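Work through these exercises with the model open. Try each task before reading its solution.

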Amino acid sequence: LLNKWIINIALPAVAILVIPKLEFDIGLIIPIITPIGLFSLSYLVFFHLIPNLTQAQRLALTILTGLGNTSFLGFPFISFYYGASHLPYAVIFDQVGFLILATVAQLLINKSGDAVNKTNPLKKVITFPPFVALIVAFLIPAAWTDGIPGEVLSYIGQSISPVAMIVVGYHIAKNIVLKISKEAWIGLGYKLVFAPFIVLLCIYFIGLPEDIVKTTIIEAGMSPMISAAILLLDRNIASKLTTELLCWGI
């Protein structure tokens, strides 16, 4: 039931609250393309380059190393180290990650399921509540989320973190042991070291404004996304590995 609350109510509320207020300009191209590039690289690495993994492990590693904890951890990190002026770039990065979660990641999860789930994976994406909320959010004016509607959506969205921590805490108590698996070491090394280092090499020397560079690198180095882990745990996909990546990643 807690999973269902996050997926069907809280995540859509966040999308409808945040997306209509975003303002795009040419300077946002880096925090837009970086999460797309990171997810694509994760898919390449774990589905085509790393041997001796099960299909479920490949899926979990791809999604959890391709999508970061860019809001629950990313926003406080950036606010503390660089100040609130850097947060608009972090919000863009986070919402692109949310878009990937609601579309490509959801499609991969549906395609990995049993015969029943494989019937219409695209239909499942289109009817996925966060994806529906994304479409609505792009269509409605920002003024619609002001006042009381905005306050209600904000309170619902704020429930994600504590509710997710209850779910994650349950799985940590159920699955976590102090001996970290080889697959988790590989995933964490990639997510926390290799991926942000690649981003650093790609964008640091091309003359971008410092606030964009710092924000993008911090967001690229965040631990695996909690909402993505909730989706995987809800489908019972590599639950132990998913919990390891989430727990030790944070």
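Buried means under 20% relative accessible area, exposed means over 50%, and partly exposed lies in between. Keep in mind that this is a predicted model.

**Exercise 1. Classify both partners of the salt bridge between Lys-4 and Asp-234, and state which helices they come from.**

Solution.
- Step 1: The side chains of Lys-4 and Asp-234 meet at 3.4 Å, N to O. The cut-off for a salt bridge is 4 Å.
- Step 2: Lys-4 sits in helix α1 (residues 2–18), and Asp-234 sits in helix α13 (residues 226–234). The pair is 230 residues apart and links distant parts of the chain.
- Step 3: Asp-234 has a relative accessible area of 29%, so it is partly exposed.
- Step 4: Lys-4 has 42%, so it is partly exposed too.

**Exercise 2. Find how many salt bridges the whole structure holds, then describe the pairs Lys-214 with Glu-210 and Glu-244 with Lys-240.**

Solution.
- Step 1: The search of the whole structure gives 3 salt bridges.
- Step 2: Lys-214 and Glu-210 meet at 2.9 Å, N to O. They are 4 residues apart in helix α12, so about one helical turn separates them.
- Step 3: Check the cover on this pair. Lys-214 is partly exposed at 29%. Glu-210 is exposed at 53%.
- Step 4: In the other pair, the closest N and O atoms of Glu-244 and Lys-240 are 3.7 Å apart. Both residues lie in helix α14, 4 residues apart, or about one turn of the helix.
- Step 5: Glu-244 has 1% relative accessibility, so it counts as buried. Lys-240 is partly exposed at 37%.

**Exercise 3. Test the length of helix α11 against 1.5 Å a residue, and locate its kink.**

Solution.
- Step 1: Helix α11 covers residues 182–203, which is 22 residues.
- Step 2: The expected span is 1.5 Å times one less than the number of residues. For α11 this comes to 32 Å.
- Step 3: The end C-alpha atoms are 31 Å apart, which agrees.
- Step 4: Now look along the helix. A kink of about 40° is centred on Tyr-190.

**Exercise 4. Work out which helices the buried residues of α11 pack against, and use Ser-42 and Val-199 as examples of contacts.**

Solution.
- Step 1: List buried residues of α11. Among them are Gly-187, Leu-188, Tyr-190, Pro-196 and Val-199.
- Step 2: The buried residues of α11 pack against α2 (29–49), α3 (55–66), α12 (210–220) and α14 (239–249).
- Step 3: Take Ser-42, in helix α2. Its relative accessibility is 0%, so it counts as buried. Leaving aside neighbours within four places in sequence, its contacts are Phe-47, Thr-62, Thr-65, Gly-66 and Tyr-190. Tyr-190 is also the centre of the kink in α11.
- Step 4: Take Val-199, in helix α11. It is buried at 6%. Beyond four places in sequence, it touches Thr-34, Leu-38, Tyr-204, Thr-216, Ile-217 and Ala-220.
- Step 5: Compare sequence and space. Val-199 and Leu-38 are 161 residues apart in sequence, and their C-alpha atoms are 8.4 Å apart.
- Step 6: Look from the side of α12. Its buried residues include Thr-216, Ile-217 and Ala-220. The buried residues of α12 pack against α2, α4 (74–82), α5 (87–111) and α11.

**Exercise 5. Which residues form the nonpolar patch on the surface, and is Phe-205 buried or exposed?**

Solution.
- Step 1: The patch consists of Phe-197, Leu-201, Tyr-204 and Phe-205. Together they have about 480 Å² of accessible area.
- Step 2: Phe-205 lies in the loop between α11 and α12.
- Step 3: Its relative accessible area is 65%, so Phe-205 is exposed.

**Exercise 6. Place Val-177 and find what it touches.**

Solution.
- Step 1: Val-177 is in the loop between α10 (160–175) and α11.
- Step 2: At 43%, Val-177 is partly exposed.
- Step 3: Not counting residues up to four places away in sequence, Val-177 touches Lys-240 and Trp-248. Lys-240 is the salt-bridge partner of Glu-244.
- Step 4: Val-177 and Glu-244 are 67 residues apart along the chain, with C-alpha atoms separated by 8.7 Å.

Notes. Residues numbered from 1 in each chain as written. Predicted model: local features only at pLDDT ≥ 70, side-chain atom pairs only at ≥ 80, totals over all residues. Heavy atoms only, no water. Helix = DSSP H or I, 4+ residues; strand = E, 2+ residues; numbered from the N terminus. Bend = angle between axes of the 7 residues up to and from the residue. Buried < 20%, exposed > 50% of the residue type's maximum accessible area, 1.4 Å probe, protein only. Contact = heavy atoms within 4.5 Å. Patch = residues over 30% accessible without salt bridge, like charges linked within 9 Å, V, L, I, M, F, W, Y side chains within 5 Å. Areas by Shrake-Rupley, 256 points an atom, 1.4 Å probe, with all protein chains shown as cover.
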